[in-house]
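Hi everyone, thanks for coming. Let me bring the structure up on the screen, and then we can walk through it together.

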Amino acid sequence: MRISRIYFNTLKEVPKDATVKSHILMMRAGLIVRLSSGIYAYSPIGYRSIKKIIDIIREEMDRIGAQEFLLPILTQKELWVETGRYELMKNLMFKTIDKNGQEYILGPTHEEVFSDIIRRYLNSYRQLPLIVYQVYKKFRDEIRPRFGVMRGREFIMKDAYSYHRDSEDLDKTYQDMRIAYRRFFIRCGLDTVPVMADSGAMGGKESEEFMVRSTIGEETIIECLKCGYVANSERAISYKEYVKSNEELKNIEQVYTPSVKTIEELIDFFKVSPQKFIKSLVYKTEDGENILALIRGDLEINEVKLSNAIGGKPISLADEETVRKIGSEIGFVGPVGISNLRIIADESVKYIVNGITGANKKDYHIKNVTPEKDFKVEKYIDISLTKENDLCINCKTPLKSFKGIEVGHIFKLGYKYSNDMNIEFLDENGNKVKPIMGCYGIGIDRTLATVIEQSSDEYGIIWPITIAPFKVIVIPLVENCYEIADKIYNNLLNEGIDTLIDDRQLSPGIKFNDADLIGIPIRVTIGKNWVKNGVIEIKLRDGSGNYEVNENTVIYEIKKIIEIKEKEIKQKLDSISKMV
RNA sequence: CGGGAUGUAGUGCAGUUGGUAGCACACUGGUUUUGGGAACCAGUUGUCGGGGGUUCAAGUCCCUCCAUCCCGACCA
């Protein structure tokens, strides 16, 4: 393409709405145009990279026998009602109505739609396994769109689903997906860490997230540098040792604690260690149930674990009004004498003797509180948040933590949709059987943004050769170079190499800066040096080389460079295959 | 949804005690330039987020609505 003839719009200034590297560079390089919060258009240059990413994922999916569909964005409300997700995801869904008042959902994900298609089709075990996918738009009314296309309200997702006769068969596809995902990310130039996201101590990898280390990551990952344990902090578990003190049980005593609410203030007030406190928090579920969660003063509650402990219902911290309604006061909540709500306690609470907790009365706490003596608990279960320096569950080494961007997620779904939507097939014996499912997602836009987040310098983007919008940019600098530049440009195109030519009559500085900003891997400069000595310069954007060539060798040299760059990636792919 | 901030030209910003809208970049025409965002000359560009109010007079003060961004609860 000729820059003078295409939509090409680079910005010198940093757009004021952009705060992270990838967003700033995507805006400055003119890859995207922001139309409204979380809604972006891709320019031809940006879209070229998107298409290359999609091509790669398509190759990897096809390679493991997945079949590509194209599903509608408009989905009938009934499907969502059928699985209960019409209620569960109601805050996330964009809805629309037709002229008859019929409601439609702009698909936020496609388990229901795919399953509806599959149940119409599936008859026999001979048709399984069935692995299906699409690469298409998703719509989510995100609580907080952020960081440009990193978390948009409309975005492109590769979503795959698999249907199997049994869990062994699902295991096989799950493993194939793990490899396909790792290959995909490597081919995009990303270093990912597969992170366990299983639902707790049960073992068995039910779910895995693909994380890229980044300070702007929205996930906290816990890892053990010694044994290699890695898990999302939401799901991570750690080794804990509790000792029940053998001190004598004392009687409850009320203490006047004016305006002393937080654990820090309490420690200061009572002059005892945080382990003495029973921290009490009121949560509510969406259907209005209230839960009292208890945890030792030095620990934090993990809301995901808590939610799982009560059957997976979404929960949130109760507001002041709710806390009053159950007969307590924020800052002075405690389990003693409270009724009409479920009490879930972290394991740590079981071992507290003569502890301190809220009196459910403004400005009062009570001391010498001991579980089971002074209050009953529905169950003791691990609901604590795993933090850095907690001990590894496997080897008791202090854990480390880092921030990560989640670019992909693979998941064993089980029978949820098969049951809710009544998907069945006949096995060899003529019995009706429900298929077991898996689902596998990759955020395409987020992958693109993450690559930029990981690979840039002060001048702009540094694309990996595989997903760069163009592999080569040809820059003629002085008047009588345009003809030879044009010839090289055309020869490169004839070789099937994506090439951009900067045919604008502008000063060299602008051309160099634009080329750096949009991050084209190979820059071919034709200027004074060619006029004088017939020398054409090749410079690699990633700083890995500068070459001086002539008119006859330039195409050959470029092809060689591309070959080397692609080979580097292939080698990494081979090492993955060997690992697995 | 809670907390904080912002809204003025395509972009980034300034605009004093209320007095009829400005700078830089970009853009158009021209002359000279051409190896890391050139110089000069001449131009174009505005519903000051919307609505209402106070005032002789509002970008500026008041009310209200809207939008956007940042920090916390969801997810690819």
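What is the distance from a sugar or linking oxygen of RNA strand B to a polar backbone atom of Glu406? The distance is 2.6 Å.

Before going further, a word on the ground rules. This is a predicted model, so local features need pLDDT of at least 70 and side-chain atom pairs count only at pLDDT 80 or more, while totals for chains, interfaces and linings use all residues. Residues are numbered from 1 along each chain as its sequence is written, chains are lettered from A and ligands numbered from 1 in the order in which they are written, and side-chain values use heavy atoms, with hydrogens and water left out.

Back to the RNA. A backbone N or O atom of Gly408 lies 3.0 Å from a sugar or linking oxygen of RNA strand B. The base side is represented too: an N or O atom in the side chain of Asp516 is 2.4 Å from a base nitrogen of the strand. Elements giving two or more residues to the surface near the RNA include strand 23 (400-414) and helix 13 (508-518). Helices here are DSSP runs of H or I with at least four residues, strands are E runs of at least two, and both are numbered from the N terminus. Helix 13 supplies the largest share of that surface, 7 residues.

In total, 48 residues surround RNA strand B, and Arg140, Ile143, Arg144, Glu219 and Asp516 come nearest. Sugar and phosphate make up 48% of the strand's atoms that come within 4 Å of the protein. "Near" means that a heavy atom of the residue lies within 4 Å of the strand.

Now let's look at Glu219, which sits in strand 11 (residues 219-223). Is Glu219 buried or exposed? Glu219 is buried, yet has no salt bridge, and the nearest side chain of opposite charge, Arg151, is 5.9 Å away. Buried means under 20% relative accessible area, exposed over 50%, and partly exposed in between, with a 1.4 Å probe and protein chains only. A salt bridge needs a side-chain nitrogen of Lys or Arg within 4 Å of a carboxyl oxygen of Asp or Glu. For charges, Lys and Arg count as positive, Asp and Glu as negative, and His and the chain ends are not counted. What Glu219 does have is a polar contact of 2.9 Å between its side chain and that of Asn232. For a polar contact, a pair of N or O atoms must be within 3.5 Å; within protein, one must be able to donate a hydrogen and the other to accept it, and residues adjacent in sequence count only if both atoms are side-chain atoms.

Next, the salt bridges, of which the whole structure has 45. Arg58 and Glu68 form one of them at 2.8 Å, N to O. Arg58 belongs to helix 2 (residues 44-63) and Glu68 to strand 3 (residues 67-68), 10 residues apart. Another joins Arg187 and Glu59 at 2.7 Å, N to O. Arg187 is in helix 6 (residues 167-187) and Glu59 in helix 2, so this pair ties together parts 128 residues apart in sequence. Arg187 counts as buried because its relative accessibility is 16%, whereas Glu59, at 45%, counts as partly exposed. Both belong to a salt-bridge network with Glu60 and Arg183.

One last stop: helix 11 (residues 444-454) is largely enclosed by the rest of the structure, because 10 of its 11 residues are buried.
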